[in-house]
Amino acid sequence: MTVNTPKAKMILDKSFKISEIDPKIYGSFIEQLGRAVYGGIYEPSHATADEHGFRQDVIELVKELQVPIIRYPGGNMVSAYNWENGVGPKDLRPKRLELAWRSLETNEVGTNEFATWAKKVNAEVMMAVNLGTRGIDAARNLVEYCNHPGGTYWSDLRKEHGYKDPHQIKVWCLGNEMDGPWQIGMKTAYEYGRLAAETAKAMKLVDPSIELVSCGSSGSGMATFPEWEAETLDHTYEYSDYISLHQYYGNKENDTANYLASTLDMDNFIKTVIATCDYMKAKKRSKKTMYLSFDEWNVWFHSNDQDKQVEPWTSGPPLLEDIYTFEDALLVGSMLNTLLKHSDRVKMACMAQLVNVIAPIMTETGGGIWKQTIFYPYYYTSVYGRGTALHSIVDSPKYDSKDFTDVPYLDQSVIYNEENNELVIFAVNRHLDQPLIVDVDISSFEGYQLVEHIVLKNDNPKAINTIGNEQIKPHNSDQSYIESGTLVAELPKLSWNMIRLKKQ
Ligand code: AHR
């Protein structure tokens, strides 16, 4: 540290509450795409496979992440999916051309297998229905198949297939990215709004206890954003409980300072969706608040070129296998901070995805397993970011980048877990060359002691993890201390940090 080391200040107070954090904010996503299922969660010939063909090494790492809810089966894939092909005796299931990713879908894994796997990893299923090539009928039948106890055609068929008890799937997505020209059965806002509303009505008649997510825009850059939200919500406001947001970032221009500022866009995206939902609430004189489901978020760009070389019509092809760098882990940490700072409205979110496909967990088909760089911020935030999110007053030095102005070097979120007497600060130092000294006023947290300061740091923003060689892994830092009601933390240049305090 020198006299010129940049300094930031934070003021925390127990009463500066944003919201109780819904654990579903730490959800994830498995699409029947690439090696997420085949060669990822499911590989009957693998040395660790259980009686259902699920890799137990994968199950263990997913459990480590404490993922509460997992979206399935797509993604783009769901928009041409016939769910009936994926249930019943495996030897009778048809092989189909999977059009979204131009792969071969063997249907060995379908609804029942996924529900079984989700239980093994202690997660709920968030099920998406096909509103691309299909509609009301296929969706209401699937709810009946999954959730009705018995005594009807579809619920008895589930029993016949070996699943006596209903899966009780609570959260359902009304299609996927229906505004996207790449989507099979893409719709205009009017077409989608009407179809989603009528499908929602029928699904809730089958099971009134379910919650529904209607499709928002596929990203903040869509030309129809946020008019899509306004027009579709005009039709669906009464029936849906959440609206979805999807967003991926990438450092295509190799400009780290600008890349790490991408969460300013994410923050603005969330604020605009909230404003649009609240406009619709006012327009409809409704008492209901629409919540946000940020059900696809991550970094995605490394694999774009290599995916163009992948042979079509094969089962479990290596698609979207981004190998993440250290700077990607920093951005993922900041994306989690952004979600937490909006936890009063963002009640669900899914890191897209979970295994092999733009994922924190990678496997070798027939081989081992390893943690990508992005595994760590996701792990620590999911495990320790439970409780109440707090506002903090922050004064940080700032910088300008190509696309953003006034980017704070300090990016943070603060969690107060009253039950455990724990205070947790997640912080990213975006500075490329200098550490940041942060003085945190914690006088409202009398008697709290420092438990640990965990750091991810590396001199090389492009450092990666590979099987057997984790360049990016957590370290303990001794660069923080508490003095007269102030926590003084030194965040290394370009670093992700978790500082955990506890009162015994
Ligand atoms: O997660 C990968 C893809 O990204 C999903 O299939 C789609 O919904 C989005 O465009």
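Student: I'm looking at helix H8. What covers the buried residues of H8?

Tutor: Keep in mind that this is a predicted model. The residues to look at are Thr263, Met266, Phe269, Ile270, Val273, Ile274, Thr276, Cys277 and Met280, the buried ones of H8. The cover over them includes both helices and strands: helix H6 (227–236), helix H10 (326–341), strand S10 (242–249), strand S11 (291–299) and strand S12 (346–352).

Student: Why are those buried residues on the same side of H8?

Tutor: Check how they are spread around the axis of the helix. They are on the same side of H8 because the arc they cover is only 160 degrees.

Student: And what length does H8 reach, from its first C-alpha to its last?

Tutor: H8 runs over residues 263–283, so count on 21 residues at an expected 1.5 Å a residue. That gives an expected 30 Å. The model comes close to this, with a reach of 30 Å.

Student: Which residue with a positive phi follows H8?

Tutor: Go just past the helix and check the backbone angle there. The phi is near 50 degrees, and the residue is Arg285.

Student: Back to S11: how many of its residues are buried?

Tutor: Buried here is under 20% relative accessible area. By that cut-off S11 is mostly covered, and the count is 8 of its 9 residues.

Student: Which residue in S12 stands opposite Leu292?

Tutor: S11 runs parallel to S10, with 7 bridges joining the two, and His246 stands opposite Glu296 in S11. S11 also runs parallel to S12, joined by 4 bridges. In S12, the residue opposite Leu292 is Val346.

Technical notes
Residues numbered from 1 in each chain as written. Predicted model: local features only at pLDDT ≥ 70, side-chain atom pairs only at ≥ 80, totals over all residues. Heavy atoms only, no water. Buried < 20%, exposed > 50% of the residue type's maximum accessible area, 1.4 Å probe, protein only. Arc of directions from axis to C-beta. Contact = heavy atoms within 4.5 Å. Pairing = 2+ DSSP bridges.
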